[in-house]
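User: I'd like to go through this model and ask how each label gets decided. Can you set the values against the definitions as we go?

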Amino acid sequence: MKFSHFVRRVFFHFIDNRLIRWFSRVYSDLLLKKIIKGTDLIPIRYDEKSFVNQATHPDVLKKDDQYFLTVSGYPFEIEHLENPFLFCSDDGICFKSLHDGPVDAYTGTGLSHFSDGDIIYDDGRIVLYYRLCEMEKTPKTDDIFIKTYSEKNWSERKAVLSFQKDKCLSQSVVIINGHYEMYYVEMNQEWGSKLKRLKSDSYLFDSNIMDEVRINGMPEGRMLWHIDVVLDGEALMGLFALSTAKGGVDCRLYYGYSKDFGDTWEIVEPIETSIHEKWIKRIYRSSMVKVGGLWNIYISVCTPGDCWFVLLLEKQELSLLN
């Protein structure tokens, strides 16, 4: 890590005041302009400034004429700020908060942190799923929590699932014919990962069936890291963040589909961002939403200096190859 990066992270972590936030916000905005110059990408804007416009792990859904977005604050890879937020928007670009600050804020010490928010619309409410990477207890775990939002009110946090560490990453929930399916990534100890699925009759996943899902077309030398799954008529569409090693190393974004309701997936091709490679360290979980027959893709980009931005790639045609 460059010395300037180290200094910036130390300042932001230990001198968390308005001046440091202002500096970080100005720096982030200047860097963002450089990244998107010459591209068709649109930066996502938030009314919540606690993460100085840096965020990752987007998940988006569209309900009628409104967009809902969850992200994790993650400026400069400071893990204790990796908390889930929920926003709404009329245009899918400028978002306002539905909660005063993060929906849940990590208050412990050490390396534990939240991540991987995912939202669905179910029975008149937004259901937010998010992961706690619990590093301070033995055994270390990945725990899935939920909160629901309806009529401007939030429910209390509820724990729904618990896994061994690295056995549940990037959970993505879809509702198929009234049933709930959670797709997630299970890491191996050294290298490699699997796409797993839980099926349940309840959004709480209090009784479920687990199986492993087959993926065809995995690019050589890459492994599954993050996912997003959405239902599109009779098919499932997916975004796959594929890395070259555990930890999301050199991660890039691909899309794929399933015509058998998730039993088998076909990875088709990379999502091209048109960002110069010098600005991309990795691409993490990204999200897709269909608008007028085309796809809007919300891409999570990390720069070499560990700055994280969500950028919108509009009106993409993603075909289901035969």
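Analyst: Sure, starting with the cysteines: the count of disulfides here comes to 0, where a disulfide is a pair of cysteine sulfur atoms within 2.5 Å. Before we go on, this is a predicted model, so local features need pLDDT of at least 70 and side-chain atom pairs count only at pLDDT 80 or more, while totals for chains, interfaces and linings use all residues. Residues are numbered from 1 along each chain as its sequence is written, and side-chain values use heavy atoms, with hydrogens and water left out.

User: Why is C251 not counted in a disulfide?

Analyst: The closest cysteine sulfur to that of C251 is in C302, 11 Å away, so the pair is too far apart for a bond. The sulfur of C302 has its own closest cysteine sulfur in C307, at 7.7 Å, which is also too far for a bond.

User: What makes C251 buried or exposed?

Analyst: Buried means under 20% relative accessible area, exposed means over 50%, and partly exposed is in between (1.4 Å probe, protein chains only). C251 has 0%, so it is buried. C302 is at 0% too, and therefore counts as buried.

User: How do you know which residues touch the most other members of the largest nonpolar core?

Analyst: A nonpolar core is a set of buried Ala, Val, Leu, Ile, Met, Phe, Trp, Tyr and Cys residues joined through side-chain atoms within 4.5 Å. The largest one has 29 residues, and I271 and L311 touch the most other members. Elements that give two or more residues to this core are helix 2 (18–36), strand 17 (235–243), strand 18 (252–258), strand 22 (294–302) and strand 23 (308–316). Those helices and strands are DSSP runs numbered from the N terminus (helices H or I, at least four residues; strands E, at least two). Apart from this core lies another, of 25 residues, including V185, F240, Y254 and C302. As general background, nonpolar side chains in soluble globular proteins tend to be buried together.

User: Which residues does I271 touch?

Analyst: Contact means heavy atoms within 4.5 Å. Leaving out residues up to four places away in sequence, I271 touches L239, L253, Y254, Y255, I297, I299, L313 and L318.

User: Why is the chain called as compact as a globular protein of its length?

Analyst: The chain has 2 helices and 23 strands. Its radius of gyration is 18 Å, close to the 20 Å that the globule rule gives for 322 residues, so the chain is as compact as a globular protein of that length. The radius is taken over C-alpha atoms, and the rule is 2.2 Å times the number of residues to the power 0.38. Of the 322 residues, 56% count as buried.

User: What makes strand 3 an edge strand?

Analyst: Strand 3 (55–63) and strand 2 (45–46) each pair on one side only, so to speak the rims of the sheet. That open sheet has 5 strands in the order 2-6-5-4-3, with mixed pairing. Two strands pair if DSSP finds at least two bridges between them. Strand 3 and strand 4 run antiparallel and are joined by 7 bridges. V60 has L69 in strand 4 as its bridge partner.

User: What about S72, buried or exposed?

Analyst: S72 has 2% relative accessibility, so it counts as buried. S72 lies in strand 4 (residues 66–73), and its contacts beyond four places in sequence include A55, H57, E82 and D116.

User: Why is D263 called partly exposed?

Analyst: Its relative accessible area is 38%, so D263 lands in the in-between class. D263 is in the loop between strand 18 and strand 19 (264–270).

User: Where do D64 and D306 lie, and what is notable about phi there?

Analyst: D64 is in the loop between strand 3 and strand 4, with phi near 55 degrees, a positive value in a residue other than glycine. D306 is in the loop between strand 22 and strand 23, with a positive phi near 65 degrees, again in a residue other than glycine. Most residues other than glycine have a negative phi. At 60% relative accessibility D64 counts as exposed, whereas D306, at 4%, counts as buried.

User: How do you know that the peptide bond between T138 and P139 is cis?

Analyst: Omega is about 0 degrees for the bond joining T138 and P139, and that bond is cis. P139 lies in the loop between strand 8 (125–134) and strand 9 (141–150).
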